[in-house]
Amino acid sequence: MEPRDPGCTTERAWTSCLTGWQVGSPSLACPLALHCNLRTLVPQLCRAALAHECEHEYELAGTLEHCNTAWLTLSGPTHWPSPSEATTAMSGLALLGLSVLLGLGAGAPLCLSRQLRMQGDYVLGGLFPLGAAEDTGLGPRTQPNTTLCTRFSSLGLLWALAMKMAVEEINRGSALLPGLRLGHDIFDTCSEPVVAMKPSLVFMAEAGSCDIAAYCDYSRYQPRVLAVVGPDSTELALITGKLFGFFLMPQVSYGASADQLSNRKAFPSFFRTVPSDRVQVTAVVELLHALQWNWVAAVGSDDEYGRQGLSLFSSLANARGICIAHEGLVPAAGAHGLQLGAVQGLLHQVNQSRVQVVVLFSSARAARALFSFSIRFGLAPKVWVASEAWLTSAQVLSLPGLAQVGTVLGFLQRGAPMPDFPSYVQARLALAADPAFCASLDAGQPDLEGHMAGPRCPQCDRILLEDVSAGLLHHRAFAAYAAVYSVAQALHNTLLCDALGCPPRAPVQPWQLLENMYNMSFRVRGLPLRFDANGNVDTGYDLKLWVWRDPEPELRTVGGFDGRLQLQLPQMRWHTPGNVRPVSQCSRQCQEGQVRRVKGFHSCCYDCMDCKAGSYQRSPDDLFCTPCAQDQWSPDRSLHCFPRRPRCLAWGEPTVVLLLALLGLALGLVLAALGLFVRHRDSPLVQASGGPRACFGLACLGLVCLSVLLLPGWPSPAGCLAQQPLLHLPLTGCLSTLFLQAAEIFVEAELPPSWADRLRGHLQGPRAWLAVLLAVLVEAALCTWYLAAFPPEVAMDWQVLPTEVLVRCRVHSWVGFGLVHAAPGVLASLCFLGTFLVHRQPGRYDGARSLAFAMLAYFITWVSFVPLFTNVHVAYQPAVQMGTSLLCVLGILATFHLPKCYLLLRQPAGNPPEFFLGGGPGSASGLGGSRGGAHDPATSPQCTQT
């Protein structure tokens, strides 16, 4: 483009246009374009600038009319964009104009550093990392001299310009401080505590002087600034926060995020427009947990920010079951060889292990150093979870070969959009190149503070376009911008301002402003913010993923965190073949119903163990199976328990049905035998079997059969108490009658006749019934003692059945239970011994043998009962006792009573008295002739003597 006027240059036209726009007179700027042949550049730059200014309560229509008329005069009709189009154009086309400007004027220094100070009714101090010192730290210093900051930080400059932009907006507006003017005093911290302390002391100097006076009471002390914005890092904030906290000077940081700064006792005047690191680390831990990455490496920078973040991450990750396989610190640039060797060792361990995810909580400088090492030593691609400090840092993004590191994602603080900020930065840079504007700055406000704290930012006056263009693409200026608005809102509340203005009063002191900042709510560009009790704001986070677009990655939003994690998994792109999500686990995930048995020191390295029946897996992170409650059950590998159903020996069970059939058989045989014995009660056979006592014994056997009906069914307290007595009392009665008959047979066969005649009277007649009664009373006494000492009770047995609860009668004492069987057992033993040893007489009915076999059947059944009862499942113990009782009855019937019934039915003629009752010499009543009374000699057959 060739200008018509040789004295008119692109730089001059652009500078004049922006200068006129900046001072609020755009109509003065645009006519200069009439003298220049700028058919392409000037219209779009001027239109974009005016569209931007329209957002700050200027009349767009009138402003555009001036430029439109000017351009129509110059070049004829043209199309003017809408304000939104112009704002968008400012980010691209104006950069082109700025490159022309800075390219043509690169030889002359700018006056950008002189724009970092502006006078006002109330001045805000600013601490920004505008540069960086080559020689860092306090170690090499031997004198308290000035540390030189030689390197330029575009991010720090953008933060400072965001503060300046906010101050100018507040001054132009009338919503917050009508009639008042805010000023700012911005200094460079060099990211070094030794540098940051100097401007901090300048801020605390008494207004109108350069001294900090020592007073006992600072409540009336008026420092040079009302509040301080900054610094950006935790390391600096921990130092300046103590100083400003002593004076109760409000300090609003836009980047210091360490959790310990939330301590109100240690830092009473500290606020910040970024969330605490605890929120960011919580989001990172939730991300790892959601993606099932529980075997990670954690690396931090060797500074306060990295160490505190790493410590916080370790504690929160451990609480969520995430294991840190490798942990280390990255030293700052210029570290000695030993520290660099440690970094190499850490990278080697990560490369050789199964770790696929690295959490890097560090500053941008340390992150760049670590990635340089990893690229140089060929670290395998990993997933890097970034902290906010380096996620968007141009210092990291510009590193060659960065695409080799793998996948990078991290959380970035949300904020209101600032589409006009790039155009504002460009306008400031353009003004810095205008000699007339720079001269006006020198004349209007001499920089006296610069002589005390050193040059504000000498490197800012020699920047090029590429020094700021990369930072503008991913700028994070909102936090610094919001910090100014928070102070302005507090001042508005303190002065009780309204739409008409602020009432006159004495100057506000910092500690008075502080009172209105606690739990204060304010809005910045429509976004509501609020300081909590610890001075933090919660703006939420966006999850950003690096998507590579040469030469630098683009940041794609793939999720967010506002107390709860949201993920957009389809939007994620991984470095793995086939875009498969990486797996970073020491051990495979256990399946449902399995718990982890930890191996070694890390809880993430484990074997999977099945939860057995009766236990369950309560949560996926359980290390032990949780036992079910007593009234619940579970199968193997269960996730929950089920309620137990009650169970007893039911009437409908096949075993019970079979036993009931056996009961019917036994009871039928007993009743049939009893009927035959009653019908043939006068027959010699019945008389030889005991007569009425035999009928009583059969009736007792019937009662034994009926007593087993108490064993099946739902137990009751009365039924449990009655089971054993109702079984053993009639059984004792039956055995006592058999014992009397065995005694008669033994006396007749084995004792001398004189003894036999003497004892026979005691074994017959009423005295015999007394013996039966005595035996029953002894058994009754034993049962009473058993019920009194060890009463059976209804019990719920939770352990014997896997899925049910067994309801049964519990026996408290097996010794007592055995003694209840003692009386029948003694009677059966005596009966067996008395009949087994008796010699059989030829030609006579052998009643002893039937009694011996009956007792043998009794012994077989009850001796078998003991091992069966103790070894069978407890649920079927009542069935065993039921079957044993019935078999005992059937055994006695089959061996003693049924043969006699056969003779009564089939051979009635073969029932002579001589065979059953006897009648030989010396045999008065006959062998075995017990009939319940004395034998009548008149009717008894007599043996003839030869």
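How many helices and strands are there in the protein? Count along the cartoon and you should arrive at 31 helices and 27 strands. Bear in mind as you go that you're looking at a predicted model.

**The whole chain**

Start with everything selected. The protein has 946 residues, and 53% of them count as buried. Switch on the surface: about 41,400 Å² is exposed, with carbon and sulfur atoms supplying 60% of that. Now think about how the chain folds back on itself. Take the contacts between residues at least 6 apart in sequence: 71% of these join residues at least 24 apart.

**The eight-stranded sheet**

Next, pick out the strands β10, β9, β11, β12, β13, β16, β17 and β18, listed here in their order across an open sheet. The pairing in this sheet is mixed. At the edges you'll find β10 (323-330) and β18, each pairing on one side only. Look along the sheet and follow its twist, which averages 30° from one strand to the next. As a bit of background, strands of a sheet pair through backbone hydrogen bonds, either parallel or antiparallel.

Zoom in on β9 (residues 295-301) and β11 (residues 357-361). These two run parallel and are joined by four bridges. To see one pair of partners, select Ala-298 and its bridge partner in β11, Val-359.

Now add helix α12, residues 364-376. The helix lies across β9, β10, β11 and β12 (382-386), and runs at about 145° to β11.

**A loop by the sheet's edge strand**

Which loop holds Arg-564? Go to the one between β17 (552-561) and β18 (565-567). Arg-564 counts as exposed because its relative accessibility is 57%. For a distance to try in the viewer, pick the C-alpha atoms of Arg-564 and Gly-540: they are 9.7 Å apart, while the residues are 24 apart along the chain.

**Salt bridges**

Side chains of opposite charge can pair when their charged atoms come close. The structure holds 17 salt bridges, and a few make good stops.

Begin with Glu-304 and Arg-307, whose side chains meet at 3.6 Å, N to O. Both residues sit in helix α10 (residues 304-319), three residues apart, which is about one turn of the helix. Arg-307 counts as partly exposed because its relative accessible area is 36%.

Then select Asp-542 and Arg-414, which form a salt bridge at 2.8 Å, N to O. This pair links distant parts of the chain, 128 residues apart: Asp-542 is in strand β16 (residues 541-549), and Arg-414 is in the loop between β13 (406-413) and α15 (421-432). With 25% relative accessibility, Arg-414 is partly exposed.

Move on to Asp-607 and Arg-597, where the closest N and O atoms of the salt bridge are 3.6 Å apart. Asp-607 belongs to strand β20 (residues 606-610) and Arg-597 to strand β19 (residues 594-598), so the pair ties together parts that are ten residues apart in sequence. Asp-607 is partly exposed at 28%, and Arg-597 is partly exposed too, at 47%. Finish this stop with a network: Arg-645, Arg-647, Glu-653 and Glu-804 are joined by salt bridges that share partners.

**Backbone oddities**

Turn on the backbone and find Gly-230 and Pro-231. The peptide bond between them is cis, with omega near -5°. Pro-231 sits in the loop between β6 (227-229) and α8 (234-247).

Follow α8 to the loop between that helix and β7 (251-253), where you'll meet Leu-248. Leu-248 has a positive phi of about 55° although it is not a glycine. At 32% relative accessibility, this leucine is partly exposed.

Asn-519, also not a glycine, has a positive phi of about 55°. Look for Asn-519 in the loop between α20 (510-515) and β14 (521-524); its relative accessible area of 39% makes it partly exposed.

**Surface patch and buried threonine**

Select Trp-651, Leu-703, Leu-706 and Leu-709 to light up a nonpolar surface patch of about 370 Å². Of these, try Leu-703, in helix α23 (residues 692-707), which is partly exposed at 47%.

For the last stop, is Thr-861 buried or exposed? Thr-861 is buried, because its relative accessible area is 14%, under the 20% cut-off. Find Thr-861 in helix α29 (residues 847-871). Leaving aside residues up to four places away in sequence, Thr-861 touches Thr-884, Leu-887 and Cys-888.

Conventions: Residues numbered from 1 in each chain as written. Predicted model: local features only at pLDDT ≥ 70, side-chain atom pairs only at ≥ 80, totals over all residues. Heavy atoms only, no water. Buried < 20%, exposed > 50% of the residue type's maximum accessible area, 1.4 Å probe, protein only. Patch = residues over 30% accessible without salt bridge, like charges linked within 9 Å, V, L, I, M, F, W, Y side chains within 5 Å. Areas by Shrake-Rupley, 256 points an atom, 1.4 Å probe, with all protein chains shown as cover. Salt bridge = Lys/Arg side-chain N within 4 Å of Asp/Glu carboxyl O. Pairing = 2+ DSSP bridges. Axes fitted to C-alpha atoms, helices over the stretch in contact; angles between N-to-C directions. Contact = heavy atoms within 4.5 Å.
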